[in-house]
Amino acid sequence: MLDKILKSKVLSAIFLASFGFVSAAVIWAYAATKNIDGLIVVHFNNSAGISQAGTFLDLFLIGITGAVMVVVNFILALELEARDFFLGKIVAAATLFFSILIFIAFATIISVN
């Protein structure tokens with residue numbers, strides 16, 4: 001496994017960036033919401049208003065789910081990279097895209113609160 005990681009440096013760098021986006025979002029959310037007493041707004045809709053409120057634990061669980069997604073996709077992309085050059089890059093690009101979306105979602109939640 002370590003040999004595959006060292007062999008595909010671009011793929012590893014993309015997944016390191018993806019993991020960085022997810023973990024930075026969780027750390028930023030903790031720093032921004034640690035002084036808030038009570039519930040925080042987790043989901044806001046323009047037509048319905050506040051549709052879900054929760055605690056930092058809800059955001060933390062979303063971050064853990066995103067981090068697990070990045071790790072599983074990294075293992076999947078390494079295996080695909082060994083078989084086909086293009087498929088591993090597609091998984092890496094999709095994972096980077098989704099981790100950026102998670103970061104944007106956390107930024108939006110922080111700005112609402």
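A polar contact is a pair of N or O atoms within 3.5 Å; within protein, one atom must be able to donate a hydrogen and the other to accept it. The tour below applies that criterion to a predicted model, and begins with a pair of side chains that meets it.

**First stop: Glu 81 and Lys 89**

Select Glu 81, which is found in helix α3, together with Lys 89. The side chains of Glu 81 and Lys 89 are joined by a polar contact of 3.1 Å. Is Glu 81 buried or exposed? Glu 81 is buried, because its relative accessible area is 16%, and buried means under 20%. Now extend the selection to the surroundings of Glu 81. Not counting residues up to four places away in sequence, Glu 81 touches Ser 8, Leu 11, Gly 88 and Lys 89.

**Second stop: helices α3 and α4**

Select residues 56-83 for helix α3 and residues 85-112 for helix α4. The axes of these two helices come within 7 Å and cross at roughly 170°. Helices α3 and α4 are therefore roughly antiparallel to each other. To display the contact from the α3 side, show Leu 59, Ile 62, Gly 63, Gly 66, Met 69, Val 70, Asn 73, Leu 76, Ala 77, Leu 80, Glu 81 and Arg 83. From the α4 side, add Phe 85, Leu 87, Gly 88, Lys 89, Val 91, Thr 95, Phe 98, Ile 102, Phe 106 and Ile 109. Coloured by class, the residues of this contact divide into 14 nonpolar, five polar and three charged. Glu 81 and Lys 89, from the previous stop, are both among the residues of the contact.

**Third stop: Asn 73**

Remain on helix α3 and centre the view on Asn 73, which lies in that helix. Asn 73 is one of the residues that α3 brings to its contact with α4. Asn 73 is buried, with a relative accessible area of 18%. Which residues is Asn 73 in contact with, leaving aside its neighbours within four places in sequence? They are Phe 15, Val 91 and Thr 95. Val 91 and Thr 95 belong to the α4 side of the contact already displayed.

**Fourth stop: helix α2 against its partners**

Next select residues 9-33, which form helix α2. With α4 also shown, the two axes come within 9 Å and cross at roughly 10°. Helices α2 and α4 are therefore roughly parallel to each other. The crossing of α2 and α4 is left-handed. By class, the contact of α2 with α4 has 21 nonpolar, four polar and one charged residues.

Exchange α4 for α3 in the display. Helices α2 and α3 pack at an angle of about 175°, and their axes are 10 Å apart. That angle makes α2 roughly antiparallel to α3. The contact of α2 with α3 comprises 16 nonpolar, six polar and one charged residues.

**Fifth stop: two residues of α2**

Select Ala 25, which is found in helix α2. Ala 25 is buried, with a relative accessible area of 0%. Setting aside residues up to four places away in sequence, Ala 25 touches Phe 103 and Phe 106. A distance monitor between the C-alpha atoms of Ala 25 and Ile 100 should read 9.4 Å, although these residues are 75 apart along the chain.

Now select Ser 23, whose place is also in helix α2. Ser 23 is partly exposed, with a relative accessible area of 27%. The side chain of Ser 23 reaches the backbone oxygen of Phe 19 at 2.9 Å. Ser 23 and Phe 60 are 37 residues apart in sequence, and their C-alpha atoms are 9.8 Å apart in space.

**Last stop: Val 41 in strand β1**

Finally, leave the helices and select residues 40-45, strand β1, in which Val 41 lies. Val 41 is buried, with a relative accessible area of 14%. The C-alpha atoms of Val 41 and Ala 53 are separated by 4.5 Å, and the two residues are twelve apart along the chain. Show the contacts of Val 41 next: leaving aside its neighbours within four places in sequence, these are Ile 50, Gln 52, Ile 109, Val 112 and Asn 113. Ile 109 is also one of the α4 residues in the contact with α3, which returns the view to the second stop.

Note on methods
Residues numbered from 1 in each chain as written. Predicted model: local features only at pLDDT ≥ 70, side-chain atom pairs only at ≥ 80, totals over all residues. Heavy atoms only, no water. Axes fitted to C-alpha atoms, helices over the stretch in contact; angles between N-to-C directions. Helix = DSSP H or I, 4+ residues; strand = E, 2+ residues; numbered from the N terminus. Parallel < 35°, antiparallel > 145°, perpendicular 65-115°, else oblique. Contact = heavy atoms within 4.5 Å. Nonpolar A, V, L, I, M, F, W, Y, C, P; charged D, E, K, R; others polar. Left-handed = near helix turned anticlockwise from the far one by under 90°. Buried < 20%, exposed > 50% of the residue type's maximum accessible area, 1.4 Å probe, protein only.
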